[in-house]
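Reader: I have a model with a ligand in it, and I would like to learn how to read the site. Could you walk me through it?

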Amino acid sequence: MIQVTCAIIIDQGKILVAQNKENSDHPFQWEFPGGKIKSGETERDCIVREIEEELNLTVEIAEALIPVEHNYEIKVIRLIPFVCSLVSGHLKLNDHKAIKWVDEDELDKLDFAEADRVLIQKSENRERLKKYLGEKMH
Ligand SMILES: Nc1nc2c([nH]c(=O)n2[C@H]2C[C@H](O)[C@@H](COP(=O)(O)OP(=O)(O)OP(=O)(O)O)O2)c(=O)[nH]1
């Protein structure tokens, strides 16, 4: 099973979602940015590193959400989500086709990678997300 961390970055009441490039595993679908855990790395170190590499942003972890396991047939992944706030940086798209900032209710309308859809539809995760959005981090 592939261990993948992802960041649900919240800023001013909106959530950052990223669109995959055409030549990726899930072309044109949306995801939460992140990536595979390297050997010897903690989940938390991984997500902070990945967001710097992919988006040139520094994030701070607010809370870990509940991971989901998903079988894509060609691979099984464990997607490990962290709610994060922005600390600094100027956004650069080093890996993705696009990003956008969406409201919580828009999450259900996006064409997400399957694992991400399961993740955001999990009621415990949704409730925790709503709590953070209510607080409008930064
Ligand atoms: N980053 C990320 N990957 C996801 C999500 N949902 C999902 O199914 N995946 C899948 C796509 C990939 O098969 C795998 C993550 O691989 P990746 O290519 O992003 O990881 P990485 O940056 O460490 O990759 P690499 O090029 O260094 O090998 O997990 C998600 O929300 N975020």
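Author: Happily; we will go from the annotated domain to the residues around the ligand. Please keep in mind that this is a predicted model.

Reader: Which residues does UniProt list for the domain?

Author: An annotation gives a range to start from. Here the unreviewed UniProt entry lists residues 1-125 as "domain: Nudix hydrolase". That span is 19% helix and 42% strand, and its end C-alpha atoms lie 22 Å apart.

Reader: How many residues surround the ligand?

Author: A shell is read by counting residues with a heavy atom within 4 Å of the ligand. In this model 16 residues surround the ligand, and the closest are Asp 25, Phe 32, Tyr 72, Lys 75 and Asp 116. By class, the shell has six nonpolar, three polar and seven charged residues.

Reader: Which side chains make polar contacts with the ligand's oxygen atoms?

Author: Look for N or O pairs within 3.5 Å. Among them, a polar side-chain atom of Asp 116 lies 2.3 Å from a ligand oxygen. For Asp 25 the distance is 2.7 Å, and for Glu 50 it is 3.2 Å. Of the 620 Å² of accessible area that the ligand has on its own, the protein covers 73%.

Reader: Where does the ligand sit, and which elements give two or more residues to its shell?

Author: The ligand takes up the space of the largest pocket. Strand S4 (34-36), helix H1 (43-55), strand S7 (76-89) and helix H2 (114-121) each give two or more shell residues. S4 gives the most, with three.

Methods. Residues numbered from 1 in each chain as written. Predicted model: local features only at pLDDT ≥ 70, side-chain atom pairs only at ≥ 80, totals over all residues. Heavy atoms only, no water. UniProt positions renumbered as here; feature names shortened; annotations may be inferred. Helix = DSSP H or I, 4+ residues; strand = E, 2+ residues; numbered from the N terminus. Polar contact = N/O pair within 3.5 Å; in protein donor to acceptor, adjacent residues only side chain to side chain. Areas by Shrake-Rupley, 256 points an atom, 1.4 Å probe, with all protein chains shown as cover. 1 Å grid on protein atoms, 1.4 Å probe; cavity = no way out; pocket = protein on both sides within 12 Å on 5 of 7 lines; lining within 4 Å. Sits in = over half its atoms within 2 Å of the grid points. Nonpolar A, V, L, I, M, F, W, Y, C, P; charged D, E, K, R; others polar.
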